[in-house]
Every structure is written in structure tokens, then in C-alpha cells.
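Trainee: I have a model open and would like to talk through how its helices pack. Could we go through it together?

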Amino acid sequence: MVKGQITNNIRRLRFDHDEMTQKQLAEKTGVSRQTIVAIEKAKYSPSLELAFQISYVFGCPVQDVFSYEIRE
């Protein structure tokens, strides 16, 4: 079985968007700040809907926010 990990650029994107805080991103997407922290640290994989909501906040395609890396 192939294993993979979802990685993200949320921290960089927050910085590029007027240094948006984790709390601000959480409020814009309707989740807790702790959820954003866990996603940023790759401890939690977001739902597909949340991934699209996050990309919408940053005004970019979902693949600019998240990527899937296969580990063999």
C-alpha cells in the first residue's frame, strides 16, 4: 500500500495576506484556531470542503495551498 501525506503552504499564504493570523483564517472558514494549527502542522488533513474554503480565502487554486506527497 502506498502511503502519502498532505502538505500545505498555509503559513506562507497567511504571511503573504497581510500577516493573517490563524484565528482570522479560522473565523473566515468557520473552524477553530486549533483546527488551523493542526492543518498547518500536517497533524490533521482537512475535509475537501474545508480545503476549498481555505483556498477561496487566499484567492488561489486548492493545489497552490495543498499538495499530496507519496512516501514509498
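**Packing in a helical domain span**

Mentor: Happily! In residues 10–65 the end C-alpha atoms lie 6 Å apart, and the span is 68% helix and 0% strand. Bear in mind that this is a predicted model.

Trainee: Which UniProt annotation covers residues 10–65?

Mentor: The label comes from the record, and the entry is unreviewed. Such annotations may be inferred rather than shown by experiment. For residues 10–65 the entry gives "domain: HTH cro/C1-type".

Trainee: Let's turn to the helices. At roughly what angle do the axes of H2 and H4 cross?

Mentor: Helix H2 spans residues 22–29 and helix H4 spans residues 48–58. Their crossing is right-handed. The two axes come within 10 Å, and the crossing angle is roughly 115°.

Trainee: How do the residues of the contact of H2 with H4 divide into nonpolar, polar and charged?

Mentor: Start with who takes part: H2 supplies Leu25, Lys28 and Thr29, while H4 supplies Leu50, Gln53, Ile54, Val57 and Phe58. Sorted by type, the residues of this contact are five nonpolar, two polar and one charged.

Trainee: Do the buried residues of H2 line one face or scatter around the helix, and within what arc do they fall?

Mentor: The buried residues in H2 are Leu25, Ala26 and Thr29. Looking down the axis of H2, you find them confined to a single arc, so they line one face of the helix. The face turned away from that buried side carries exposed Lys23, Glu27 and Lys28. The arc of the buried residues is 100°.

Trainee: Which helices are included in what covers the buried residues of H2?

Mentor: We have already met one of them, since Thr29 of H2 is buried and is part of the contact with H4. The cover of the buried H2 residues includes H1 (10–16), H3 (33–40) and H4.

Trainee: And for H3, what do its buried residues pack against?

Mentor: Ile36, Ile39 and Glu40 are the buried residues of H3. Seen down the axis of H3, they fall within an arc of 95°, so they line one face of the helix. Their packing partners are strand S1 (3–8), H1, H2, H4 and strand S2 (66–71).

Trainee: Ile54 of H4 caught my eye. What is its relative accessible area?

Mentor: Setting aside neighbours within four places in sequence, Ile54 is in contact with Ile10, Thr29, Ile36, Ile39, Val65 and Phe66. The C-alpha atoms of Ile54 and Thr29 are separated by 6.5 Å, although these residues are 25 apart along the chain. Buried means under 20%, and Ile54 has a relative accessible area of 0%.

Trainee: Is Ser55 buried or exposed?

Mentor: Ser55 also belongs to H4. Beyond its neighbours within four places in sequence, Ser55 is in contact with Cys60, Pro61, Val62 and Val65. Its relative accessible area is 4%, so Ser55 is buried.

Trainee: One more, about the loop between H1 and H2. What is the relative accessibility of Asp18?

Mentor: Asp18 lies in that loop, and its phi is near 55°, a positive value in a residue other than glycine. Glu19 lies in the loop too, with a positive phi near 50° and a relative accessible area of 53%. Exposed means over 50%, so Asp18 counts as exposed, at 77%.

Key: Residues numbered from 1 in each chain as written. Predicted model: local features only at pLDDT ≥ 70, side-chain atom pairs only at ≥ 80, totals over all residues. Heavy atoms only, no water. Axes fitted to C-alpha atoms, helices over the stretch in contact; angles between N-to-C directions. Helix = DSSP H or I, 4+ residues; strand = E, 2+ residues; numbered from the N terminus. Left-handed = near helix turned anticlockwise from the far one by under 90°. Contact = heavy atoms within 4.5 Å. Nonpolar A, V, L, I, M, F, W, Y, C, P; charged D, E, K, R; others polar. Buried < 20%, exposed > 50% of the residue type's maximum accessible area, 1.4 Å probe, protein only. Arc of directions from axis to C-beta.
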